[in-house]
Amino acid sequence: WEFTLEKGYPCVIHDPADSPPFRLWYTAFIACAWRPQTCDAERDNPALLYAESEDGIDWKKPNDFHYVKLSEPNHIGGGFGGGNVLRLHGYGFAILKDPHETNASRKFKAFGMLKQPVYADPNKHNAVTHASGGTMVSQDGLRWVEEQEASLKIRWDTHHSLLWDDSSWRYAVITRGPSHKYKALALSLSEVGKFSGFDRVEVVATPQGNQSQIQSAQVFSYYGIYLAVLTLSRADCGETSPGPTGGTRCNDYARCQLAWSADLHSWRLFASTDEQPLEAPTD
């Protein structure tokens, strides 16, 4: 479908009242000059793209959007021939069609990385500016406005999850914690009743070991509790192979597990007893 999806980070919304009823937002790379073939979320050029479907199986990409102008060589096109690109740069957006919103111009909400970091060296040791992220809103899910950065100390290179929490009357974001050594699950809540004020983050689950690093979690409510589809990976590569640009490629894999929570703060796995629970940090 694309030059490379990398992880893709898809977000599907199904609303029978929409035409078509299935809508998809996802991340893909449109240019990978820094690391060809594999791409890098912090150095290459991802974008937010869009597709739609009548049945959730057969997907079509609109090819007539003119929301962004592609001014550099890429794998989609040039000028305003951006096809299904909604926004350049950024990463891992969560999209919510908000049933509680009464202002039609803010019906769709998004949370994710808004700006990529800038490095002074190719090995990403010296950051000129750090990644930043936050919120944006839309009337139709296509034209995104009102970008607001959130002052959160987290890892922005993940697939975020955005939902409304009835118990606290707040919007909740599930993201990654600030640690670069361990991939942990983190929670940030908005101001009461407002899609703003994401200024605090709480680490709610840490990995059980090097083999169970928490890359991301897709969270949704289900009959009074919350379920999360966790993407877990290893902290180290285990095995490597030569990369396309002379470096090494990590022969890693990801696996998915199901977890649940009653309050978004404490999580347990649906798994064998030796893999439960997900443990919150002790320091």
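How do the residues of the lining of the second largest pocket divide into nonpolar, polar and charged? Keep that in mind while you set up the view. The model is predicted.

**Stop 1: the pocket**

Select the second largest pocket. About 450 Å³ of space lies in it. Its lining has 22 residues, and the closest to its centre are Leu96, Leu162, Leu163, Val219 and Phe220. Show those five as sticks. Next, colour the elements that give two or more residues to this lining: strand 1 (11–14), strand 6, strand 12 (161–165) and strand 16 (213–222). Now the opening question. The lining residues divide into 15 nonpolar, 6 polar and 1 charged.

**Stop 2: the open sheet**

Keep strand 6 on screen. Select strands 6, 7, 10 and 11 in cartoon view. They form an open sheet of 4 strands in the order 6-7-10-11, and the pairing is antiparallel. Look at the edges: strand 6 (91–97) and strand 11 (144–149) each pair on one side only. Sight across the strands, and the twist averages 25° from one to the next.

Zoom in on strand 10 (residues 132–138). Strand 10 runs antiparallel to strand 11, and 4 bridges join the two. Pick Gly134 to find Glu149 of strand 11 opposite.

**Stop 3: an aromatic pair**

Switch to rings. The structure holds 10 aromatic pairs. Select Tyr9 and Tyr91. Their ring centres are 5.3 Å apart and their planes stand at 80°, so this pair is edge-to-face. The pair links distant parts of the chain: Tyr9 sits in the segment before strand 1, Tyr91 in strand 6, 82 residues apart. Are these two tyrosines buried or exposed? Tyr9 has 5% relative accessibility, so Tyr9 counts as buried. Tyr91 has 3%, so Tyr91 counts as buried.

Now select Trp164 and Tyr171. Here the ring centres are 4.7 Å apart with the planes at 70°, so this pair is edge-to-face. Both Trp164 and Tyr171 are buried.

**Stop 4: the ring cluster**

Extend the selection from Trp164 and Tyr171. Ring pairs link both into a cluster with Phe111, Trp156, Trp169, Phe195 and Phe198. Show the rings and trace the links.

**Stop 5: Val203**

Finish at strand 15 (residues 202–205), the place of Val203. Val203 has 27% relative accessibility; buried would need under 20% and exposed over 50%, so Val203 counts as partly exposed. Add Thr175 to the selection, 28 residues from Val203 along the chain. Draw a distance between their C-alpha atoms: the separation is 9.2 Å.

How values were computed. Residues numbered from 1 in each chain as written. Predicted model: local features only at pLDDT ≥ 70, side-chain atom pairs only at ≥ 80, totals over all residues. Heavy atoms only, no water. Pairing = 2+ DSSP bridges. Axes fitted to C-alpha atoms, helices over the stretch in contact; angles between N-to-C directions. 1 Å grid on protein atoms, 1.4 Å probe; cavity = no way out; pocket = protein on both sides within 12 Å on 5 of 7 lines; lining within 4 Å. Points joined across faces, edges and corners; volume = space filled by probe spheres on them. Nonpolar A, V, L, I, M, F, W, Y, C, P; charged D, E, K, R; others polar. Buried < 20%, exposed > 50% of the residue type's maximum accessible area, 1.4 Å probe, protein only. Phe/Tyr/Trp six-rings, centres within 6.5 Å; stacked < 30°, edge-to-face > 60°.
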